[in-house]
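Thank you all for coming; I would like to walk through one model this morning, beginning with a strand turn and ending with the charged pairs. Please have the sequence and the structure open while I talk.

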Amino acid sequence: MEEPDSAVIATSLEWPDAFGALFDRHGGVLLRFLMRRVAPADAEGLLGEVFRIAFERRGDFELERASARPWLYGIATNVVAKHHRSEARRLRATARLAARPEPVSDPADPAVSALDAQATWRRVAEAVTALPEAERAVLLLYSWEELSYDEIAETLEVPVGTVRSRLHRARTRLRSLTERAEDFGVVGRTQEPEAKP
Amino acid sequence: MSDELDALRRLRPDRVLPDDPIDPEVLTRGKERLMAGIAAPTPEHRATPSIYPRLAYRDEAAALEFLVRAFAFSERREARMEHPDGTLAWLEVGDGVVMIGRSGVERHGLLSPTELGGTTAMVNVYVQDVDAHYQRAKAEGAEIVLDLEDMFWGDRRYEALDPEGHRWHFAERLSDLQVRST
């Protein structure tokens, strides 16, 4: 059986090279996280930053935690928070892509016009961009990374109750910011999201 | 009501564009860089000193580039914050830290000397090998306003302006200089 991350980190305190195993285990997940959150061209540099910071602070890792993934997500979340511009750019670009005309769109339904979809997605993206940092972090760890409340609490080093309340506030804000769109129904009409694993 | 969460889930970039796979070479390069960094001595994490100035620039990105190039400061790269209304950065030399940000009345009322038509402060910095520091600053385009000189209080010093007119005083203790030359 593979040794837990905590054992890898404990070893790396004395033999730093051992830390490389942590990259092998979590580098891909972290890169995907960063590519979702910031402009793709920035993701590689930030991945390097996340692991460099993790290595330098490996002495702070609480060894009773088996998996280092929430800790790494936490470092990555802090790194992303410093690149708000890149994040806003990524969201805008994704909203534009989401609004591109579907080849199988229903010509009988005039409500589903390309313009409506464009405006709606842009509004969702802007609403996410406008959220307070702490709420956006929780919201996206939950909805994009599909982390549990407990995992998010560990990632952000806050109590689970705080995760719940931040998520609630973020959703309420997002709803009020997007609800004003009469064409919000357009969003609900695209295909269902994949089931969670 | 989960409309807003559903909408958000659909806005996940790799769902919007599912055929946009991760380039495995990015991970290979990342691992290489991490291992190279591990082999090299890691930078020491020091506490911020009790007093540290914050300087305002109209173009803080250009200032940052200049200060590193001309005055040999090193940036705490992981501390840099890039926001739409300006970048904040921390520069180190020895055990000192200086913070760099964009100028503006709304930014703590801090103005750049170019906006002010003068400056109200000078930052004093002790460096190692002030002669080499002077040559480098001069070669990189710093405006020397006081030439390099031994002073009666035991320092060898010079003063320079950066591109926006902040005044810097660089010095080395003559006693350190003597130790270095023996």
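Let me start in chain B, where β4(B) and β5(B) form a hairpin with two residues between them, and where B:Gly94, in the turn, has a positive phi of about 55°. Before going further, I should say that this is a predicted model, in which local features need pLDDT of at least 70 and side-chain atom pairs count only at pLDDT 80 or more, while totals for chains, interfaces and linings use all residues. Residues are numbered from 1 along each chain as its sequence is written, chains are lettered from A and ligands numbered from 1 in the order in which they are written, and side-chain values use heavy atoms, with hydrogens and water left out. Helices (H or I, at least four residues) and strands (E, at least two) are DSSP runs, numbered from the N terminus, and two strands are said to pair if DSSP finds at least two bridges between them.

Back to the hairpin: strand β4, residues 86-93 of chain B, pairs with β5(B) in the antiparallel sense over five bridges, and B:Val93 stands opposite B:Gly96 in β5(B). Strand β1 of chain B, residues 54-57, runs parallel to β5(B) and is joined to it by four bridges, with B:Arg102 in β5(B) as the bridge partner of B:Tyr57. Strand β5 itself, residues 96-102 of chain B, is mostly covered, since five of its seven residues are buried, where buried means under 20% relative accessible area, exposed over 50%, and partly exposed in between (1.4 Å probe, protein chains only).

Chain B also has an open sheet of four strands, in the order β6-β9-β8-β7, with mixed pairing. Its edge strands are β6 (122-126) and β7 (143-150), each of which pairs on one side only. β6(B) pairs with strand β9, residues 167-173 of chain B, in the parallel sense over five bridges, and there B:Asn124 stands opposite B:His169.

Turning to the interior, where does the largest nonpolar core lie? A nonpolar core here is a set of buried Ala, Val, Leu, Ile, Met, Phe, Trp, Tyr and Cys residues joined through side-chain atoms within 4.5 Å. The largest has 63 residues, and those with the most contacts inside it are A:Phe19, A:Leu34, A:Phe51, A:Trp71 and A:Trp121. Domain 1 (1-84) and domain 2 (87-197) of chain A both give residues to this core, so it lies between them; the domain bounds come from an automatic or database domain assignment. Apart from it lies another core, of 25 residues, among them B:Leu55, B:Phe66, B:Val123 and B:Tyr134.

Finally, the charged pairs: a salt bridge is a side-chain nitrogen of Lys or Arg within 4 Å of a carboxyl oxygen of Asp or Glu, and by this rule the count comes to 30 over all chains. A:Glu133 forms one with A:Arg136, the closest N and O atoms being 2.8 Å apart. Because these two residues are three apart in helix α7 (residues 133-143) of chain A, they are separated by about one helical turn. A:Glu133 is partly exposed, at a relative accessible area of 28%, whereas A:Arg136 counts as buried at 1%. I will close with A:Arg36, A:Glu145, B:Arg12 and B:Asp14, which are linked in a network of salt bridges.
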